[in-house]
Amino acid sequence: MEMGFRWYGEKDDPIKLQDIRQIPGTKQVVGALYDIPVGEVWPKSEIKSLKDQVESAGLKIKIIESVNIHDDIKIGLPSRDKYIENYKETIKNLAAYGIKVICYNFMPIFDWVRTDLHYKLADGSTDLAFQHKIVEGSPDDIIKSVQKNSNGFILPGWEPERLAEVKKLFKAYENVDENKLAENMEYFLKAIMPTCEKYDVKMAMHPDDPPRPLFGLPRIYKNVEDMRKIENMYDSPYNGFTICTGSLGENPKNDVPAIIREFVKKNKAPFIHVRNIKFMGNEGDFHESAHLSSEGSLDMYEIMKALHDTNFNGVVRPDHGRDIWGEEGRPGYGLYDRALGIAYLNGLWEALNKA
Ligand code: DNO
Ligand code: MN
């Protein structure tokens, strides 16, 4: 297992590569080019410059999170072919600089959704929370609240140019149900897989977060049954998954360690997000929590043990963290709590190694 840390780049991340270097046992930076509009080809020069920066800080990069998928591909518009060609070019360009895994998601319009970015915990820290009754209304309220509460940072999936198009997008998705979305996913996968195989770049789909339909939009990676369907669209280790313990764990019916065991054994889970969540009141409502098992509803020991037992040799990163010790960075992506998460996960790993 290699430990990684998500980084938003020199310009957009208050956290410096040097800070990441000082987190014990952390070598992999999980990065992306955030300035390239979704759908466009990632230029080699910019990929090279990201890699150079990371390496000159004494770190490595082999995973990109995310190369986002243009909505025209998810909707299945004729223009999708042009965007798919661009995606293939991006895969080739990333491969030229040693990128081995691309994390992506297939969620319509929005990436992850939370109803509170500063949910207050008893110890005075804050984190991200989701309460279903709040999203029963219009998406506009959520959009406004995310924009108002993001401490001035742009959150992944909530880019202003994307949000400006939201009304149009909802209309465009009117006839896209779960089956149609899955069909469009299959079309996309079949088109890009030969490029992935040729250039040795694995696709690792991130679960829908939360793992349920929202605002009438379909979701296709919510549970293990969905994973098996996606797997069958194109059976290859290049068609893999990011297993995000938090996203899948947000549905108490998902047995996260069992999912890890099944897909790591099949060599179809090259990238793992580890975070804990705590269920609240109504089913499906949760707030995120510190990584420690006793702080949340997931058993982190069982999660790390599932990775250990299956000889997982990909990259793990702590996913979101709380805002603690006065840090006011990008909600969910502060330095301190994610670094604490890493120390804890590395501790579990060492114990599993020595047991
Ligand atoms: C939530 C996060 C996601 C993730 C994207 C990947 O659990 O990890 O925002 O980065 O969905 O495309
Ligand atoms: Mn995740």
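This report describes the fold, ligand shell, core helices and backbone exceptions of a predicted model of one protein chain with a ligand.

## Basis and conventions

Residues are numbered from 1 along each chain as its sequence is written, while chains are lettered from A and ligands numbered from 1 in the order in which they are written. Because the model is predicted, local features are given only at pLDDT of at least 70 and side-chain atom pairs count only at pLDDT 80 or more, whereas totals for chains, interfaces and linings use all residues.

## Overall fold

The protein chain contains 14 helices and 12 strands, where helices (H or I, at least four residues) and strands (E, at least two) are DSSP runs numbered from the N terminus. Its C-alpha trace spans about 50 × 45 × 40 Å along the principal axes. The radius of gyration is 19 Å, which agrees with the value near 20 Å for a compact globule of 355 residues; the radius is taken over C-alpha atoms, and the globule rule is 2.2 Å times the number of residues to the power 0.38.

Of the 355 residues, 43% are buried, a residue being buried if 20 or more other C-beta atoms lie within 10 Å of its own, exposed if 12 or fewer, and partly exposed in between, with C-beta atoms placed from the backbone. Among contacts with a separation of 6 or more, 72% join residues 24 or more positions apart; two residues are in contact if their C-beta atoms, placed from the backbone, lie within 7 Å.

## The shell around ligand 1

Ligand 1 is surrounded by 16 residues, of which Ser66, Asn105, Trp112, His206 and Cys244 come nearest; a residue is counted as near if its C-beta atom, placed from the backbone, lies within 6 Å of the molecule. Strand 4 (101–104) and helix 11 (245–249) each supply at least two residues of this shell.

By residue type the shell divides into 5 nonpolar, 7 polar and 4 charged, with Ala, Val, Leu, Ile, Met, Phe, Trp, Tyr, Cys and Pro counted as nonpolar, Asp, Glu, Lys and Arg as charged, and the others, Gly among them, as polar.

## The nonpolar core and its helices

In soluble globular proteins, nonpolar side chains tend to be buried together. Here the largest nonpolar core has 86 residues, and those with the most contacts inside it are Ile102, Ile243, Ile260 and Ile303; such a core is a set of buried Ala, Val, Leu, Ile, Met, Phe, Trp, Tyr and Cys residues joined through C-beta atoms within 7 Å. Apart from its neighbours within four places in sequence, Ile243 is in contact with Leu248, Ile259, Ile260, Phe263, Ala269 and Ile272.

In helix 12 (residues 256–265), the buried residues are Val256, Ile259, Ile260, Phe263 and Val264. Seen down the axis of helix 12, these residues fall within an arc of 115°, so they line one face of the helix; the arc is that of the directions from the helix axis to the C-beta atoms. Their cover includes helix 10 (224–233), strand 8 (239–244), helix 11 and helix 13 (300–309). Met227, which lies in helix 10, is buried with 23 other C-beta atoms within 10 Å, and its C-alpha is 9.1 Å from that of Phe263, although the two are 36 residues apart in sequence.

The buried residues of helix 13 are Met300, Ile303, Met304, Ala306 and Leu307. Viewed along the axis of helix 13, they fall within an arc of 150°, so they too line one face of the helix. Helix 11, helix 12, strand 9 (271–274), strand 10 (276–279) and helix 14 are included in what covers them.

## Backbone exceptions

Most residues other than glycine have a negative phi, and most peptide bonds are trans. The bond from Glu65 to Ser66 is cis, with omega near -5°, and Ser66 is found in the loop between strand 3 (60–65) and helix 3 (71–75). A cis peptide bond also joins Asp209 and Pro210, with omega about -5°; Pro210 lies in the loop between strand 7 (202–205) and helix 10.

Positive phi values are found near 50° at Phe215 and near 55° at Trp325. Phe215 is partly exposed, with 17 other C-beta atoms within 10 Å, whereas Trp325 is exposed, with 11. Asn267, following helix 12, has a positive phi near 65°, and Asn311, just after helix 13, takes one of about 55°.
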